[in-house]
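Please find below a colleague's note on the model, set out as numbered points. The topics are charged pairs, nonpolar cores and enclosed space.

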Amino acid sequence: MLNFVQFQFSNLSIRASSLHRNALFILSALIFHPTVDAQTKKNIPKKPNPITIYAAGDIADCRKQAASQTDAAQTAALIRAGIQQDKNAYVITLGDNTYPVGKAEEFNDCYDQTWGQFKQRTLPSPGNHDYGIPLASGYYNYFDELAGSNRRGYYKKTLGNWLIISLNSNIKHQAMQTQLTWLQSTLRENQASCILAFWHHPVYSSGGHGNNKVMQDAWKLLADAKADLVLTSHDHHYERFAPLDKNGVPDASNGIRSFVVGTGGAKLSPIFLVKDGSEVRQNDRHGVLKLALASNAYSWEFIAAESKQILDKGEATCHAIR
């Protein structure tokens with residue numbers, strides 16, 4: 001009987017000792033060897049910060065005031081504050097950079113004194129007022145290579161995972177056909193997941209000029225390529241449209257979301273017949289559209305220049321990611 005008790009006690013001691021060794025092994029593994037999940041987290045590359053863009057058109061008009069007193073100075077101050085927070089931000093101009101006719105002195109004495117402080121971070125596009133003098137020479141002399149090669153007024157740029165396309169809505173006939181051929185080739189060769197295009201005359205607008213078909217063919221090419229965003233101005237108000245297909249029919253899945261941002265500083269103008277697909281409109285405050293372009297998504301805010309109030313905002317994913 002004693003031998004049996006001794007055997008039982010010895011057997012328990014052996015099992016206890018074995019359990020102790022196993023516990024120490026597990027504890028050691030947890031302390032000195034990270035789990036697979038922890039190692040995986042360490043190896044995940046950090047997502048790049050979104051690319052910030054500030055955009056507006058219809059900007060600098062010093063006919064009645066000094067540059068520092070204009071509404072363009074206020075929108076410029078808003079952008080300057082943003083760039084101080086993000087020195088990698090870009091500025092897009094949506095045409096009619098100066099008034100009334102785009103002379104060199106208008107660029108030097110008015111635009112340069114307001115939005116000119118961001119010139120090297122600017123992606124410009126020309127408007128009809130920039131073409132108020134022959135060949136828009138004031139515009140091209142001021143922006144030089146920033147406005148695209150050979151003074152044609154259109155170009156492309158890749159920012160992160162975004163293809164950015166600046167187009168010229170002021171050219172006609174063969175020059176326009178050449179631009180469309182270039183656009184088609186650019187879209188065919190594109191490797192970026194997201195696409196943003198901008199120019200001056202809006203295809204869709206509820207403003208005084210209304211819908212403008214001069215860029216309808218460009219819109220169709222962009223819609224076929226599942227472009228995500230189009231920015232324009234010309235009408236002096238802010239407006240956001242729901243995503244529209246190549247024919248202007250709402251298409252939440254594959255349509256182009258477009259903005260009219262004619263609020264850069266020139267006198268604001270009335271909104272007339274509201275067009276189908278228009279979701280947000282305002283014409284009583286100047287401001288800029290702020291975009292945050294992530295690798296597969298984007299967000300927007302329309303910020304009033306004087307109050308800094310956000311009057312419109314939202315977010316969406318790029319078509320190629322859906």
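How many salt bridges does the structure hold?

1. The model is a predicted one, and the structure holds 5 salt bridges. The points that follow take up several of these pairs before turning to the interior.

2. The side chains of R240 and D312 meet in a salt bridge, with 2.8 Å from N to O. Because R240 belongs to strand β8 and D312 to strand β13 (residues 310-317), the pair ties together parts that lie 72 residues apart in sequence. D312 counts as buried, since its relative accessibility is 7%, and R240, at 9% relative accessibility, likewise counts as buried because the limit is under 20%. The pair also belongs to a wider arrangement, in that R240, E279 and D312 are linked in a network of salt bridges.

3. A further salt bridge joins D224 to K246, whose closest N and O atoms are 2.8 Å apart. D224 sits in helix α7 (residues 216-224) and K246 in the loop between β8 (238-241) and β9, so this pair ties together parts that are 22 residues apart in sequence. K246 has a relative accessibility of 32% and therefore counts as partly exposed.

4. D61 and R63 meet through their side chains in a salt bridge, again given as 2.8 Å from N to O. R63 counts as exposed, because its relative accessibility is 53% and the category begins at values over 50%.

5. As for the nonpolar interior, the largest nonpolar core has 52 residues, of which W115, L196, L231 and L293 touch the most other members. Apart from this core lies another, of 26 residues, which includes V203, A218, L244 and I256. In soluble globular proteins, nonpolar side chains tend to be buried together.

6. Which residues does L231 contact, once its neighbours within four places in sequence are left aside? They are A55, I92, L94, L196, A197, F198, W199, F259, L289 and L291. One of these contacts, L196, is itself listed with L231 among the residues that touch the most other members of the largest core.

7. With regard to enclosed space, the structure holds 1 cavity of 30 Å³ or more, and about 40 Å³ of space lies in the largest cavity. Its lining is formed by P202, V203, Y204, W219, V230, T232, S258 and F259. Two or more lining residues come from each of β7 (229-232) and β9 (257-261). By class, the lining residues divide into 6 nonpolar and 2 polar, with no charged residue. F259, one of the lining residues, is also in contact with L231.

Key:
Residues numbered from 1 in each chain as written. Predicted model: local features only at pLDDT ≥ 70, side-chain atom pairs only at ≥ 80, totals over all residues. Heavy atoms only, no water. Core = buried A, V, L, I, M, F, W, Y, C linked by side-chain atoms within 4.5 Å. Buried < 20%, exposed > 50% of the residue type's maximum accessible area, 1.4 Å probe, protein only. Contact = heavy atoms within 4.5 Å. 1 Å grid on protein atoms, 1.4 Å probe; cavity = no way out; pocket = protein on both sides within 12 Å on 5 of 7 lines; lining within 4 Å. Points joined across faces, edges and corners; volume = space filled by probe spheres on them. Helix = DSSP H or I, 4+ residues; strand = E, 2+ residues; numbered from the N terminus. Nonpolar A, V, L, I, M, F, W, Y, C, P; charged D, E, K, R; others polar. Salt bridge = Lys/Arg side-chain N within 4 Å of Asp/Glu carboxyl O.
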